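Reader: I am new to this structure and would like to be walked through a few of its residues and helices. Could you take my questions one at a time?

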Amino acid sequence: MPAAESAANPRGQEWTRGMESIRQIAVAEYEPLACDVDILLHDVEALYLGHWASHEACRVGYHDFGHAVEVTLATVRMVAGWNRLHPDRRLTARLFCVAMGAALFHDSGYIKDKGDQVGAGGKYTFRHVERSRALASRYFSDMGWPAEDVELICRLIDSTDFQNGEAGIQESGNHEEVVGRMLASADIIAQMADVDYFLRMELLFEEFQEAYQHEPASFLEANNVQVYQSAQEIKDNTKTFYENFVLPRLEKNGWMNRYLAAFFGTGRNPYQENIAANISGYMLQNRSQWQRLGDVLVELGLLTDQQIEQAVERQRRQEEDRGRRQQQVAAEPAGEDCRHPHLPMAGGEAGKRRLGAILLEMKAIEPNALCQGLLSQILPAGILEKLSHSELIFLLRASMLLQHFDGGCGILRRILDMATDTLGCESAAILLADLPRQEMVVFLASDEEGDGPRRRFSMEKGLASWAFVHRKPATIDNRKQGAGGGKSFGSSDRPAHTIMAVPFHSDGEWMGAMEFLNKSDPSGFTEHDIDVVTALVNILGAALSASPFL
């Protein structure tokens with residue numbers, strides 16, 4: 001994507017990362033390749049941007065180039081996962097290219113012909129597969145691809161038809177069927193695993209609205225098309241859609257999504273985790289979440305919005321002054337290896353001035369009132385009332401230990417052990433976000449000993465990443481997901497049947513997530529468990545923000 005267009009499109013950076021990941025997989029799996037991946041990606045990108053003489057730029061918001069890239073990436077990851085599990089039956093480079101080509105073009109039918117100024121393209125919702133086939137057939141034929149490959153690409157595109165998805169690939173047991181089932185599965189999984197899935201439902205509803213205007217009611221009725229009245233109706237129907245359509249379709253396709261777990265090599269399927277987290281998070285969307293101190297103080301009627309804005313502005317200026325001073329001195333060594341390598345170090349000075357201290361300095365609030373606000377932030381009344389005696393004792397002990405936290409792993413490891421005992425689960429981990437590299441780093445795992453290399457995972461998918469990005473907790477039960485679960489982040493590689501993740505912050509700065517695996521209770525992790533861990537991360541965040549090491 002040209003730099004100007006990428007900057008103008010908030011999804012541009014995601015597209016670029018996705019395209020690069022596709023290239024990397026292609027090179028890693030096949031050398032030489034049966035096609036030029038760069039040319040194919042560039043040409044389809046140009047199509048969606050409106051650089052082809054035959055077509056307008058893509059104007060629909062949901063089925064855009066980002067969707068095409070995401071589906072393609074999920075497809076080629078499945079292919080790579082298959083190759084790792086079946087080294088004696090590897091899919092050929094030719095099938096890799098065919099699958100990639102079909103994935104890139106599978107929703108191109110939403111793009112309008114040059115000169116068509118009517119609508120955005122949603123009008124083609126119920127005809128886009130036919131248009132996608134025709135466009136792909138012309139392109140690959142003009143590029144000189146063999147006729148049998150062009151015909152296979154068209155059949156693969158047919159397999160993504162939601163209304164008649166079994167039309168393209170018939171059961172034959174050969175590898176062509178395998179990649180067809182992979183693409184059909186990837187089309188479903190990639191969109192439901194999108195970290196912004198529910199936000200993008202607004203865009204999908206816009207496409208549906210346009211489609212309804214261009215199709216007679218008789219057509220919709222004859223094809224059993226559900227007519228949605230609002231984006232909210234689509235969101236509310238997601239769980240039913242997943243259970244009644246997605247899971248049966250994935251099962252019929254032979255659970256091809258299991259090859260995603262094989263690709264990532266951790267035994268865990270981050271796509272499946274994102275889907276479950278999207279649904280779980282939506283169901284829990286009305287729960288009280290952590291609030292910034294300023295919001296708590298305003299909500300309690302102790303301060304006004306204007307006073308908070310003044311304090312935040314003073315905090316910002318002080319941080320700028322502190323930053324300029326630190327540039328004049330050499331950074332101190334990171335010290336003990338257990339400390340996170342990407343968190344800012346205090347450099348021997350006091351850490352960031354906290355908002356509470358600045359409010360006291362401004363004489364905007366009395367100490368007693370500030371303490372009331374801090375307690376409401378760390379341990380909200382709604383959570384406090386639900387905690388048992390043993391859970392309160394656990395939180396008290398954790399708080400006392402954290403008073404002696406010096407940046408090392410020993411105290412945090414003990415707190416993780418106490419947390420797993422309290423929750424009745426097998427293991428826990430603290431994952432911190434490395435924003436420049438868009439990765440989650442396993443800072444500490446309760447079932448991992450020693451100071452070996454830290455594991456890193458793309459922030460793109462996975463339950464801990466989802467919790468960090470959305471700033472809210474989620475739970476999943478892999479026993480209900482059909483394709484199985486994964487493994488822990490620690491050294492034991494134990495299966496992860498049930499998982500809970502709660503976002504982690506320090507003095508208002510979101511840092512990562514705490515993750516817990518395998519609740520002993522058959523019912524799995526509960527909302528009450530989320531309350532307990534929410535209190536823990538609030539206490540932990542308060543302690544870390546006061547630490548001179550972070």
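The questions and answers that follow concern a predicted model.

Reader: In which helix is N274 found, and is N274 buried or exposed?

Author: N274 is found in helix α14, which covers residues 270-283. Its relative accessible area is 1%, and since a residue counts as buried under 20%, the answer for N274 in α14 is buried.

Reader: Which residue of helix α22 does N274 touch?

Author: Leaving out residues up to four places away in sequence, N274 touches A193, V195, E460, K461, G462, L463 and W466. Helix α22 is made of residues 463-470, and W466 has its place there. W466 is itself buried, with a relative accessible area of 2%, and the list of residues that W466 touches includes V195, A277 and, again, N274. One residue of α22 that N274 touches is therefore W466.

Reader: How far apart in space are W466 and P270, C-alpha to C-alpha?

Author: In sequence, W466 and P270 are 196 residues apart. In space, going from C-alpha to C-alpha, the distance between W466 and P270 is 9.6 Å.

Reader: Which backbone oxygen does the side chain of T125 reach?

Author: T125 is found in the loop between α5 (93-105) and α6 (128-142), and with a relative accessible area of 10% T125 is buried. Beyond residues up to four places away in sequence, T125 touches Y110, E207, F208 and A211. At 2.6 Å, the side chain of T125 reaches the backbone oxygen of G122.

Reader: How many residues does the largest nonpolar core have?

Author: In soluble globular proteins, nonpolar side chains tend to be buried together. Here the residues with the most contacts inside the largest nonpolar core are L91, M100, F105, F140 and M182. Apart from this core lies another, of 35 residues, with C409, I430, F525 and I530 among them. The number of residues in the largest nonpolar core is 92.

Reader: Are helices α3 and α5 roughly parallel or roughly antiparallel?

Author: The axes of α3 (residues 37-49) and α5 come within 11 Å and cross at roughly 10 degrees. Angles under 35 degrees count as roughly parallel, so α3 is, with respect to α5, roughly parallel.

Reader: How many residues of the contact of α3 with α5 are nonpolar?

Author: On the side of α3 the contact is made by V37, L40, L41, V44, L47 and Y48, and on the side of α5 by M100, G101, L104 and F105. Among these residues of the contact, no charged one is found and one is polar, while the number of nonpolar residues is nine.

Key
Residues numbered from 1 in each chain as written. Predicted model: local features only at pLDDT ≥ 70, side-chain atom pairs only at ≥ 80, totals over all residues. Heavy atoms only, no water. Helix = DSSP H or I, 4+ residues; strand = E, 2+ residues; numbered from the N terminus. Buried < 20%, exposed > 50% of the residue type's maximum accessible area, 1.4 Å probe, protein only. Contact = heavy atoms within 4.5 Å. Polar contact = N/O pair within 3.5 Å; in protein donor to acceptor, adjacent residues only side chain to side chain. Core = buried A, V, L, I, M, F, W, Y, C linked by side-chain atoms within 4.5 Å. Axes fitted to C-alpha atoms, helices over the stretch in contact; angles between N-to-C directions. Parallel < 35°, antiparallel > 145°, perpendicular 65-115°, else oblique. Nonpolar A, V, L, I, M, F, W, Y, C, P; charged D, E, K, R; others polar.
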